[in-house]
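Here are some comments to read alongside the model, written as numbered points. Please keep the sequence and the structure open while you go through them.

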Amino acid sequence: MNAESKRSFDVAVIGGGPAGMGAATVAAECGLSVVLLDDNPGLGGQIWRGESGSSKHTQASHWFDRVGRSSVEWILEARVFQVGKGHLSAESPDTVHQIAYSHLILATGARERFLPFPGWTLPNVLGAGALHSLIKSGLPVEGKRIVIAGTGPLLLAVAAYAREKGAQVACIAEQTTGAKFACFGLSVLLVPEELEEVWQLAWQLQAVPHWKNCWPVAALGKERLEAVRLSHHGRIREIASDYLACGFHLVPSLELAQFIGCAIQDGYVAVDENQQTCIPGVYCAGEPTGIGGFELALVEGQIAGFAAANRKDLARKLWRRRDAGLRHVRALRRAFELRDELRNMPQEDTLVCRCEDVPFGLLRAHQSWQSAKLHSRCGMGPCQGRVCGAAAEFLFGWSNSSVRPPLFPVRCSSLAEMPVETIPEIHEGGSK
Amino acid sequence: MSFRPDIVIVGAGIVGAACGFELAREKFSVAVVDAAGIGMQTTAAGMGHLLVLDDSEEQFALTRYSLSLWNALAKHLPPAVEYSRCGTLWVAGDEDEMAEVVRKHTYYGERGIQTEILDAHALREAEPALRRPLAGGLRVPGDAVLYPPCAAAYLLQRAAELGAKIFLGKAVNSIRNGITRLADGTVFHSKFIINAAGQFAPKLTPGIHIRPRKGHLVITDRYPGTITHQLMELGYLKSAHSISADSVAFNLQPRKTGQLLIGSARQYEVADGNVDFAILSRMLKRAMEYVPSLGSLSAIRVWTGFRPATPDQLPFIGPWPDDPSIFLAAGHEGLGITTSLATGRLAVDFLLRRASAIPVEPYLPSRQIEGVTHA
Amino acid sequence: MPDSIVVWVAGKNVEVPKGATVAAAVFVAGAFCRTSPSGQPRTPFCGMGICFECRTVINGEPHRRSCQVLCEPGMVITPDEC
């Protein structure tokens, strides 16, 4: 059932968000042949999901336009499941793409961190970013009561968007302290490009209660979400709700980088001043090198693209902007650090692994992620631990650096069609 | 540490766990020590089949005996062990292999194991997902599959309830003359030490002929009802025992979760645990030859593991001639899950100086010294 | 609705705008996308293709990630059963 496509490019960019678009575009503009691969049905990553064509976001429309005019070839709905030296394999709905490359740029982005609390598996409890993209893709929320809970600036953006579409945002429950949040606010005000957006957000959200020191205790409901119970300054509040959108800031998607052996430092991919990882010819840009938002991702992507094209002179011109963005990374990290009380959210029977329905109580007895996984099936489902892994890291301090092929679930026939003559060198971080 | 066990078992894989279980039931005071955790090496990597195999009379005797012990235990196994008596279906591709079906049927029948010959039509009824045409098959209804790490954990939990002490995350530096030295400085003195360290057994008891034999497995998402038996090709016997060449064979299991576990591959002299895409590809293509619809199913994980292989494909179960305090229970290759319980029984019989249900001589480590092992 | 598409979700006719994901259609229908191994009904969760909670059966094919698939006219969407 698989058609096979074998191609060769100067540069392969994995991830079509702002970092990947920036990297691919400038590399192509420098004359290189570039392929851009993304799992989603459109370019733009999560932040600009569904923005192609008619974006009111000026940066987004600029880059959609520019990548469209460039020679970049993009392949959507393509899951990269194997990466080796000079070669990668990706699967799209009916094709396996075998791609040979000289330079590799990882722009794999980030995902929301989800933490388990009672009821978080109830229908209509979903990720904050998920609510955003669902509304964008046609979910009507007019008149719906929505609670937004967790931590991070994404909660504000989602709240504003839901309100704009007619939802009643009951509250934003932000776990961080008022002081930390205020510090973050100040740091944002120091970045002129963000000022307008911040004011706009503030204006849109003036009527929405924004509670600090507040986090979900339980999602309540029989068949579906009916209400959210929150802890707010030590008091319990219950709020009727149709949707609970939650997310505890972002975690970088590092699987691919770990898989090919890129050095990881303090939880992020280590890169040099030109975004090159410890592997020559392999670059990394955007959230995997530090959660800093799309402005920074765009700059890092362009640096990587220029560096891959051997235009270090052009890359260098962007260093200052990148370094300014890195301050934002640190500010974000400080402001939205998770508080210890969140470790008490799950009860014994609260599921931690949503794929395999593994409760918190079953995990606690274990010493390591490997042992927990083996004996409880936690992380053994198709998400390959992408959701429960980050939760377990926070709850138990377990790290999971072992990434196994396939990088993403793929058809057996795709795995079987790995061309033997290009068997890649792979690196495994496992214990064996 | 003041704890003075009668027996120290090194290794908390399925074999060490079975020994701990059987010994604790006989009121021995037992310590089980493992460098990692329960069932984290070969036990974690295997397919978890419980089956009777007839490569040799000795293998048949051991697997049949052990399967009878598993059958007795089956009703006690908790759901996490995912025990499923799905039976094995040996698939014959042509008339030659059909002749093997008939031979196997007779051989098993003469030794008290019921099997059923299926013609091409009956095979199609039994497993519609198999490709056509096929010549037929042999159903061995008593075979089963389970999830080995949880089986090992269950056995050790039972042992612990009977007083066994389990030490996990404790590496063993040496075992000699009844003294077990752990890396953290702990020393155990015991009458006997069971070396159940699988592929690592030769590190503790130098001179044992155990070599790691690498394998690959793939597991899919949940597709319940795709197949209902464990499926094995009859070429398996031929290819699995070619001593030097890398080989693949069709082996497909329906897991209780609805997932499909795809095997198998065997490689010698490969030390690293990396996935080898050449052999993985051969293994998957072989499986897809037998079950074509497999190609469109989603594979969620690939892993490798090492089987502790001996030169004659029989495990070492018995005292180590060079040190009478050491009892070996290692080298079970790809059959350790099946043969673990019998191994535990033979260990108990030895320690109690009582007769065993089957002749023990074929498994004694002394056979290695006598030079009879090198087939 | 101009530029809208009709799909079948759990036996119901559902109208969604062009460009809507199957996940959005599942919510619009008030349906579930799958049943978890212990039998809980679930709806799409992460919205970006990584959590696999939104797996559903699309035109008979199981385990499709509904948040990554766009609706097409006449699509038949039923819950994933495992």
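1. Before the residues around a cavity can be sorted, the classes have to be fixed: Ala, Val, Leu, Ile, Met, Phe, Trp, Tyr, Cys and Pro count as nonpolar, Asp, Glu, Lys and Arg as charged, and the others, Gly among them, as polar. By these classes, the lining of the second largest cavity has 6 nonpolar, 4 polar and 1 charged residues. Please remember throughout that this is a predicted model.

2. Which residues line the second largest cavity? From chain A they are Arg49(A), Ala130(A), Ser133(A), Leu134(A) and Ser137(A), and from chain C they are Thr21(C), Ala23(C), Pro44(C), Phe45(C), Gly47(C) and Cys67(C). Helix α3 (residues 128–136) of chain A contributes the most to this lining, with 3 residues. The volume of the second largest cavity is about 70 Å³, and the count of cavities of 30 Å³ or more comes to 5.

3. On confidence, the predictor gives the complex an ipTM of 0.96 and a pTM of 0.94. Chain C has a mean pLDDT of 94, with 98% of its residues reaching 70 or more. Within chain C, the lowest confidence is found in strand β2 (residues 12–17) of chain C, at a mean of 94, while the highest is found in strand β4 (residues 41–42) of chain C, at 98. As a general caution, where pLDDT is low, the predicted coordinates should not be read in detail.

4. The second largest pocket has a volume of about 1100 Å³. It is lined by 42 residues, of which Val251(A), Pro252(A), Leu254(A), Ala390(A) and Glu393(A) are the closest to its centre. Two or more lining residues come from each of β16 (250–252), α7 (255–260), α10 (319–335), α12 (369–376) and α13 (388–396) of chain A, and also from β17 (298–309) of chain B. Helix α13(A) gives the most, with 4 residues. Sorted by class, the lining of the second largest pocket holds 19 nonpolar, 11 polar and 12 charged residues.

5. Why can the second largest pocket be said to lie between domain 1 and domain 3 of chain A? Domain 1 (3–111 + 251–310) and domain 3 (346–396) of chain A both give residues to the lining, so the pocket lies between them.

6. In chain A, 3 strands form an open sheet in the order β12-β13-β14, and the pairing is antiparallel. Because β12 (214–220) and β14 (235–240) of chain A stand at the edges with a single partner strand each, one side of each is left without a neighbour in the sheet. From one strand to the next, the twist averages 25°. Strand β12(A) is joined by 6 bridges to strand β13 (residues 227–232) of chain A, and within this pair the bridge partner of Ala219(A) is Val228(A) in β13(A).

7. In chain C, an open sheet of 5 strands follows the order β2-β1-β7-β5-β6, with mixed pairing. Its edge strands are β2 and β6 (61–65) of chain C, each of which pairs on one side only. Neighbouring strands of this sheet are turned by 40° against each other on average, direction ignored. Strand β1 (residues 4–9) of chain C runs antiparallel to β2(C), with 6 bridges between them, and Trp8(C) stands opposite Asn13(C) in β2(C).

8. Chain B offers examples of parallel pairing, in which strand β1 (residues 7–10) of chain B meets strand β12 (residues 192–195) of chain B over 4 bridges, with Ile9(B) opposite Ile194(B). Strand β12(B) also pairs in the parallel sense with strand β19 (residues 323–330) of chain B over 3 bridges, and there Ile193(B) stands opposite Ile326(B).

9. Some details of the backbone deserve a careful look, since most residues other than glycine have a negative phi, and most peptide bonds are trans. A cis peptide bond joins Arg132(B) and Pro133(B), with omega about -5°, and Pro133(B) is found in the loop between α5 (120–126) and β6 (136–140) of chain B. The bond from Gly263(B) to Ser264(B) is also cis, with omega near -5°, and Ser264(B) is found in strand β16 (residues 259–268) of chain B. Asn124(A), in the loop between β7 (110–112) and β8 (125–127) of chain A, has a positive phi near 80°.

Key: Residues are numbered from 1 along each chain as its sequence is written. Chains are lettered from A and ligands numbered from 1 in the order in which they are written. This is a predicted model: local features need pLDDT of at least 70, side-chain atom pairs count only at pLDDT 80 or more; totals for chains, interfaces and linings use all residues. Side-chain values use heavy atoms; hydrogens and water are left out. On a 1 Å grid over the protein atoms alone, a cavity is a set of points where a 1.4 Å probe fits but cannot get out, and a pocket is an open set with protein on both sides within 12 Å along at least five of seven lines; lining residues have an atom within 4 Å of a point. Grid points are joined across faces, edges and corners, and a volume is the space filled by probe spheres set on the points. Domain bounds come from an automatic or database domain assignment. pLDDT is the predictor's confidence in each residue, from 0 to 100. Two strands pair if DSSP finds at least two bridges between them. Axes are lines fitted to C-alpha atoms, for helices over the stretch in contact, and angles run from 0 to 180 degrees between N-to-C directions.
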